[in-house]
Amino acid sequence: MIKLKAVLALTLGCLLTLSVQAVEVRDHHKEVIGKDCKTCHDNGIKQFPSDQSCLQCHDVDDLAEQTARNEEDKWQNPHNNLHYGKELPCQECHGEHQPKQPMCNNCHTFKFDKHKQ
Amino acid sequence: MKDANLLGRRNFIKGMGAAAGVAIAAPAMAISEKADGVKWDKEVEVLIIGSGFAGLAAAIEASRKGAKDVHIFEKMSYFGGNSAINGGLFAAPGTPMQKQEGVKDSVDRMVADQMKSGRGVADEALLRHVAEHAVEALQMTMDAGSEFHPYLQQLGGHSVARTYQTTVSCGAGITQPLLNECRKLGVHTHNRAKFEGFLVGDKGEIVGVKMRENYHFGEDQPGKISHIRAKRGVIMATGGFAQNINLRMAQDPTLTAEVGCTNAPGATGEGMYEMFRLGAIPVHLAHIQSGPWASPDEGGFGYVSNYTIYNFPHSLAIHRLTGKRFMNEIADRKTRADAELSCRDEKGEALPPILITSYKDSKKHPNTKKVIKYNVGWKFDTIEELAKHFEVPLKPLKAQIEEYNSYVKSGDDKQFGKNMTKAKDKFIEAPFTVVRLWPKVHYCQGGVQITTKAEVKDSFTGQPISGLYAAGEVCGGIHGVSRLGSCSIPECMVMGMTAARSVMQA
Ligand SMILES: Cc1cc2nc3c(=O)[nH]c(=O)nc-3n(C[C@H](O)[C@H](O)[C@H](O)COP(=O)(O)OP(=O)(O)OC[C@H]3O[C@@H](n4cnc5c(N)ncnc54)[C@H](O)[C@@H]3O)c2cc1C
């Protein structure tokens with residue numbers, strides 16, 4: 001029990017520093033994250049980034065190509081999917097300061113091996 | 001606890017997650033106010049809230065009727081609501097495909113089927129209005145680019161085959177083209193914009209709304225309130241409340257967090273409750289429908305639902321304890337959901353029944369491959385294997401299949417009186433495909449009362465509340481106790497179009 005509390009305290013401690021430090025910085029984000037928060041937080045530091053924010057550097061068409069699936073499963077491409085096309089805002093599935101589940105999990109059992117939670 | 005075990009840890013946790021999300025998202029502050037002295041941040045011509053079938057159809061029709069400045073506001077980050085994850089099944093009477101297939105149908109017949117499943121309390125005038133305009137709505141989807149399977153389906157409770165389905169077997173095959181059409185017509189679409197209350201004029205008329213912009217659903221970020229004036233009127237197309245566990249339990253205490261749900265997370269109902277606060281008439285709120293075609297092996301609607309909807313007419317549903325059928329596989333939804341819920345083991349614990357289909361017949365549906373591939377359904381080469389896997393007593397099961405096959409031959413189901421037309425020549429033979437069945441909360445029949453012009457009626461005067469229109473699942477009473485499958489798309493689209501016509505005439 002005591003052990004558990006310690007772990008909890010530790011995690012809580014970490015959470016406090018999350019606002020400045022991403023949980024697990026993706027390699028390609030090392031350049032920007034932690035240096036200039038406004039690069040992503042275009043709506044202000046205490047606000048979530050806008051839906052366009054990630055698109056300053058990432059191109060939806062490229063992402064869709066990278067995650068393309070074969071003809072039979074083509075609509076399971078998270079970046080170009082059946083329900084929302086290419087319009088699903090990045091923040092639905094990706095977070096830098098908190099782990100997130102792929103949205104498809106709400107209803108489907110698909111596997112996304114590369115998805116960083 | 002029973003249901004928790006049944007649904008498995010994964011789904012149970014998911015249910016709890018959704019509940020927690022709603023708790024954070026639910027604002028205590030939403031309330032309508034007098035518009036006196038309000039500083040308007042924006043003015044629009046037609047203001048639509050919600051981006052499902054009803055909202056999109058309203059926006060297109062308003063534009064076609066000459067509106068120049070139409071705006072859709074959607075609280076989620078993505079557009080489409082339940083409509084974008086819907087099964088894409090669309091019922092209409094007197095369609096070109098019915099003529100082609102020689103199916104005799106009419107507005108009267110479709111209304112009669114719906115009145116029957118509504119169990120005497122459906123709104124005949126509204127059902128008739130929708131059935132009369134359903135082909136027009138179907139045409140709107142086709143004009144926007146929707147494509148449909150080249151066959152009709154006969155769904156549970158329908159006396160004839162009258163249901164189209166998009167080629168992608170999903171409502172997105174309609175919402176995506178409609179959203180594109182909206183943009184082509186110059187409709188303004190705003191995401192992360194949450195309706196929080198009406199602004200009411202001197203005579204009680206609706207003059208605008210309070211909108212929370214930069215809103216992040218389920219997250220702790222306040223966003224910002226703006227006051228938007230609607231010159232012609234406000235159309236509420238905010239859908240149902242199946243995801244709001246508190247509200248649905250207030251109506252039906254059995255629908256706890258442990259019961260699965262097929263709806264999109266945004267189906268939380270605050271738009272509807274705000275209309276009640278204004279004076280709208282609540283109808284049939286406790287009639288909340290569960291889908292009898294859902295599977296406990298995946299979340300939401302998943303892949304199994306459309307698979308079973310297609311396959312029920314030529315399949316048998318088996319109680320695993322007895323090895324026998326326990327329902328008419330194409331009875332209406334309530335009849336089947338109740339029958340499934342009664343499938344329990346000796347201790348009374350839930351025991352999801354199974355649906356057995358011949359692979360030769362099931363494979364015609366595009367989902368069959370996926371159901372097997374994603375482990376939410378199974379294929380068996382022999383009846384022995386199947387029986388062993390689900391612990392069904394073999395002898396009675398074999399006898400039941402034999403008996404059922406005799407009904408396929410004679411066209412007369414002596415056990416449950418199932419209409420065997422669609423089962424003709426489809427004998428139950430190996431290899432088999434099998435899925436597990438268990439109902440999920442699916443559709444809210446209740447909502448605000450409207451007229452056939454999509455006007456929202458006031459509880460005290462019985463008159464329409466000026467400037468306020470509603471369309472789609474947020475409205476109540478139309479279907480009565482139980483809605484027939486594939487009858488929501490025509491309703492949402494027709495009433496969305498109707499609301500737009502009324503707004504443009506007002
Ligand atoms: C999985 C599934 C499958 C289905 N399959 C079929 C089928 O095959 N055929 C059929 O006829 N019916 C089907 N139904 C029923 C049908 O899809 C719904 O009844 C229909 O989509 C409702 O449409 P709507 O436009 O009224 O609402 P929705 O499509 O739910 O749209 C309402 C929108 O309003 C938004 N909203 C809610 N509150 C607010 C607010 N305060 N501010 C701003 N926006 C708000 C929501 O986020 C949502 O996007 C299905 C339903 C589900 C869930």
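Visitor: Which residues come nearest to the ligand, and how many residues are around the ligand?

Guide: In this predicted model, B:E74, B:S83, B:L89, B:E473 and B:S488 come nearest, out of 39 residues around the ligand.

Visitor: What makes the approach of B:K75 to the ligand a polar contact?

Guide: A polar backbone atom of B:K75 is 3.2 Å from a nitrogen atom of the ligand. The cut-off for a pair of N or O atoms is 3.5 Å, so the pair with B:K75 counts. A nitrogen atom of the ligand also lies 3.3 Å from a polar side-chain atom of B:R483, and an oxygen atom of the ligand is 3.5 Å from a polar backbone atom of B:C487. Taken alone, the ligand exposes 1,000 Å², and the protein buries 99% of that.

Visitor: Why is the pairing of B:D332 with B:R119 called a salt bridge?

Guide: The closest N and O atoms of B:D332 and B:R119 are 3.3 Å apart. A salt bridge needs a side-chain nitrogen of Lys or Arg within 4 Å of a carboxyl oxygen of Asp or Glu, so this pair qualifies.

Visitor: How many salt bridges are counted between domain 1 of chain B and domain 2 of chain B?

Guide: The count is one salt bridge, alongside six residue pairs in polar contact. The side of domain 1 of chain B that touches domain 2 of chain B has eight nonpolar, 13 polar and two charged residues.

Visitor: What area is buried between domain 1 of chain B and domain 2 of chain B?

Guide: About 1,400 Å², with carbon and sulfur atoms giving 49%. In domain 1 of chain B, the residues losing the most area to domain 2 are B:R119, B:Q154 and B:G156, together 30% of what that side buries.

How values were computed. Residues are numbered from 1 along each chain as its sequence is written. Chains are lettered from A and ligands numbered from 1 in the order in which they are written. This is a predicted model: local features need pLDDT of at least 70, side-chain atom pairs count only at pLDDT 80 or more; totals for chains, interfaces and linings use all residues. Side-chain values use heavy atoms; hydrogens and water are left out. Buried area is the accessible area (1.4 Å probe) that two parts lose on being put together, summed over both. A polar contact is a pair of N or O atoms within 3.5 Å; within protein, one must be able to donate a hydrogen and the other to accept it, and residues adjacent in sequence count only if both atoms are side-chain atoms. Ala, Val, Leu, Ile, Met, Phe, Trp, Tyr, Cys and Pro count as nonpolar, Asp, Glu, Lys and Arg as charged, and the others, Gly among them, as polar. A residue is near a molecule or strand if one of its heavy atoms lies within 4 Å of it. Accessible areas come from the Shrake-Rupley method with a 1.4 Å probe; for residues, only the protein chains shown count as cover.
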